[in-house]
Amino acid sequence: MRHLRIGPTRRILTLRTRKATYRSGMTQTMHQGSAALLRGAGRFCDDIALPDCLIVTFLRSDAASGQIGALDVSDASDLPGVVAVHTGADVAHLGCLEVNTVIPYDAPLAFDLLATGAVHAVGQPVAAVLANTRAAGMDAAEAIWLDIEETDLPDPARIAGQQWQAGDAPQAQISVSATVNHPRLVPLSMEPRGILARPEPGGGVTVWHSTQTPHRSRTQLAHILGMDAGLIRVIAPDVGGAFGLKASLYPEEVFTVWAALHHQRPVRWNATRSEEFLSGTHGRGLTSNGTLGLDDTGRFTSLQAEVHAPVGHWLPNSGLIPAWNAARVLPGPYAVPAVDIQTGVYRENRCATGIYRGAGRPEAAALMERLVDKAGRATGLDPFEIRARNLVNSDAMPYATATGQVLDSGDYRAALDMLRGASDYDARRAEVEARRATGALVGLGLAFYLEPSGEGWESARVTWNADGTVQIDSGSSAQGQARARSYGAIAAEALGVSPDTVSLRYGDTQTCPEGIGALASRSTAIGGSAVLEACRALLARRGAGATLPMTEEVRFSTQGQAWGYGCYLVQMAVDFDTGTPKIEAAFCVDDTGTVIDAQGVTDQILGGFAQGLGEAMMEAVRYDDDGQLLTASLMDYAVPRARDVPPLQLSKMQTPSPVNPLGAKGVGEAGTIGAPPAILNAAIDALSPLGVTDLQMPLSPYRLWQTIQDFQPGKADQ
Ligand code: SMO
């Protein structure tokens with residue numbers, strides 16, 4: 001036993017520690033490129049070792065609703081290796097984290113950093129141990145005496161909402177209705193959340209944070225800790241995926257930084273995988289329903305829709321975004337003269353929800369594309385024709401939708417035509433019909449999507465060095481998107497230098513200009529445009545005779561949202577006996593505006609499609625009636641593996657966006673928005689010969705098998 005314990009394991013730990021020890025004053029923004037990340041050579045929060053560092057272990061509520069009857073930390077505090085045990089009372093004075101109120105509140109949601117008095121969800125942090133080792137922290141957390149008097153789960157309570165009304169809805173000649181339920185999903189970044197805080201002389205603090213928004217992290221920390229932001233330096237080292245999970249600050253993270261300042265020692269917290277399931281924000285979970293009215297030529301005349309968005313027991317900064325996007329992005333790419341759309345946000349005793357790759361856009365696309373498919377069936381128009389009749393005309397762009405969104409540019413019909421050709425749709429449809437005649441369950445699903453990329457500004461500082469090399473410092477960040485490749489290409493082309501001479505730094509609030517970060521598919525369109533403008537300013541100075549080195553810093557503001565779009569076609573077969581679905585073919589047409597990094601665009605579509613497929617076919621967070629999380633590990637929560645993802649046949653269009661000088665649009669979320677409705681429509685089409693008209697996600701074999709049984713009782717047994 002002994003040699004096992006101190007053998008290989010110890011050696012690996014020593015190696016990791018030595019590689020990543022940072023000394024005071026040392027900058028750490030040399031992010032590893034994609035190849036290094038793939039080889040495991042990235043340096044993440046947990047790789048950074050500081051001497052005398054305390055480790056946080058949280059004790060979490062095991063009840064979804066209740067009053068804290070007793071909370072006694074004295075035994076835990078006495079254990080060896082334990083420096084302190086804190087409860088809600090110690091941090092109650094800090095108050096609440098800020099929320100981006102894109103939707104007006106009915107009643108603001110107050111929440112604790114550590115529970116005081118009552119608990120509101122399983123997994124809510126109640127107490128925090130600071131210990132010298134993880135093991136000592138875990139032992140001490142178990143030694144805390146916590147007694148919760150459980151109470152009945154309250155009904156979900158509405159905390160925010162918004163309504164969009166426009167046009168006069170005529171009496172519809174035909175109307176179709178649909179409900180789409182999006183299961184709660186776990187963003188599941190490969191690297192769980194992590195934060196490390198080191199107090200600095202003079203009251204400051206350096207924070208290494210696995211975040212996609214380092215400046216927001218600093219701003220929010222400054223606000224809740226009551227500190228001058230100038231005293232806080234946030235560094236995002238390599239970040240192992242984020243997908244929206246890491247765009248808002250968490251109570252656990254605030255506590256960690258507070259503890260470092262309070263005890264004047266380095267303190268770290270790294271979430272375990274279980275903690276990610278329990279307390280990392282979940283995505284989706286929305287239910288939308290709608291009714292689409294149309295005339296007898298198949299033209300849409302009105303859309304009425306309701307979005308019901310549960311958000312859990314606290315709100316992250318971006319917590320209201322999905323409910324807003326899921327409503328305002330309706331009616332998608334279609335011209336609909338009259339709308340009545342409502343969104344409502346409901347607090348419930350579960351883990352918080354937040355933005356997750358797409359953040360409301362997938363919810364909007366899924367509802368609309370279900371309605372459009374039903375409209376096609378109701379009018380006898382094929383899925384391409386019903387869409388073609390209603391898509392916004394390219395010559396009507398920029399086009400203001402009935403919810404007040406401005407679609408900047410695009411040729412939606414051209415995309416649809418390209419997909420029809422690329423998929424050889426007519427022959428494919430004939431083949432599907434022939435197989436159906438032999439009893440096969442096979443179908444085709446079409447979906448159109450829009451991807452509005454973020455608004456606002458981003459910054460870049462570009463230095464043209466005396467030796468001809470170029471240094472970009474960006475206010476944006478990255479979590480594996482190969483940002484150096486796209487920003488490098490932008491600078492190289494603008495300045496007429498080789499991309500090899502360009503280097504990029506990001507993710508450090510001390511060395512980089514103030515910025516927003518990587519979210520909402522905004523980084524190339526907005527952050528890249530900031531790089532371009534800075535380069536253009538450098539060129540202008542050079543033309544006026546200035547000599548190297550020189551630096552330009554730019555804050556670029558977009559003229560509006562750049563709307564990427566596309567359409568996907570999925571062919572799915574369902575096994576009659578087992579319900580097992582198989583995607584036999586998938587075709588994607590994406591218009592992401594001017595393409596800067598073609599490989600990056602392809603990779604984003606593939607990755608996004610895989611995550612969208614996960615939503616459509618496998619993933620679902622489940623709670624029982626008592627609010628207990630049933631899917632708290634990868635043993636219970638299914639995610640797609642490489643073998644689950646079919647080959648995709650990609651076609652691309654490039655309609656430059658007029659809202660930024662690059663003409664770029666977003667692509668980071670494209671696949672997660674387009675894939676679920678295409679897959680859902682394909683499954684419903686496959687089962688339509690049985691009379692099936694609706695299905696909900698995820699399309700698990702069990703759910704499909706059960707549906708087959710419901711529509712053809714006993715047939716599978718014959
Ligand atoms: S859900 Mo994204 O990281 O804005």
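Biologist: What makes the strands from β3 to β12 an open sheet, and in what order do they stand?

Modeller: In this predicted model, seven strands lie side by side in the order β3-β5-β1-β13-β10-β11-β12, with mixed pairing. β3 (82–87) and β12 (232–235) are the edge strands, since each of them pairs on one side only, and from one strand to the next the twist averages 20°. Angles here are taken between N-to-C directions of lines fitted to C-alpha atoms, for helices over the stretch in contact, and run from 0 to 180 degrees. Residues are numbered from 1 along each chain as its sequence is written, and side-chain values use heavy atoms, without hydrogens and water. Local features need pLDDT of at least 70 and side-chain atom pairs count only at pLDDT 80 or more, whereas totals for chains, interfaces and linings use all residues.

Biologist: How do you know that strand β11 and β12 are paired?

Modeller: Two strands pair if DSSP finds at least two bridges between them; β11 (residues 204–209) and β12 run parallel and are joined by four, so they meet that requirement. One of the facing pairs is Thr206 with Arg233 in β12. Both are strands in the sense of DSSP runs numbered from the N terminus, where a strand is E over at least two residues and a helix is H or I over at least four.

Biologist: What makes you say that helix α7 lies across strands of this sheet?

Modeller: Contact means heavy atoms within 4.5 Å, and helix α7 (residues 214–225) lies across β11 and β12, at about 150° to β12. Helix α6 (residues 134–143) lies across β1 (54–60), β3, β5 (125–131) and β13 (267–270), and runs at about 25° to β1.

Biologist: Why is strand β26 called mostly covered?

Modeller: A residue is buried under 20% relative accessible area, exposed over 50% and partly exposed in between, with a 1.4 Å probe and protein chains only; nine of the 11 residues of β26 (residues 581–591) are buried, so the description fits. This strand belongs to an open sheet of four strands in the order β20-β25-β26-β27, with mixed pairing, whose edge strands are β20 (441–452) and β27.

Biologist: What makes the pairing of that sheet mixed?

Modeller: Strand β25 (residues 563–574) and β26 are antiparallel over 10 bridges, with Val570 opposite Ala586, whereas β26 and strand β27 (residues 648–653) are parallel over six bridges, with Asp590 opposite Lys652 and Val589 opposite Ser651.

Biologist: Why is the unit of β26, helix α17 and β27 called right-handed?

Modeller: The name applies because, with the strands pointing away from the viewer, the path from the first strand over the helix to the second runs clockwise. Here β26, helix α17 (residues 598–617) and β27 form such a β-α-β unit.

Biologist: How do you know that the structure has cavities?

Modeller: On a 1 Å grid over the protein atoms alone, a cavity is a set of points where a 1.4 Å probe fits but cannot get out, and lining residues have an atom within 4 Å of a point. The search finds four cavities of 30 Å³ or more; the largest has a volume of about 110 Å³, a volume being the space filled by probe spheres set on the points, which are joined across faces, edges and corners. Of its 17 lining residues, Gln124, Pro125, Ser279, His313 and Trp314 are the closest to its centre, while α8 (251–263) and α9 (273–279) each supply at least two residues of the lining.

Note on methods. 1 Å grid on protein atoms, 1.4 Å probe; cavity = no way out; pocket = protein on both sides within 12 Å on 5 of 7 lines; lining within 4 Å.
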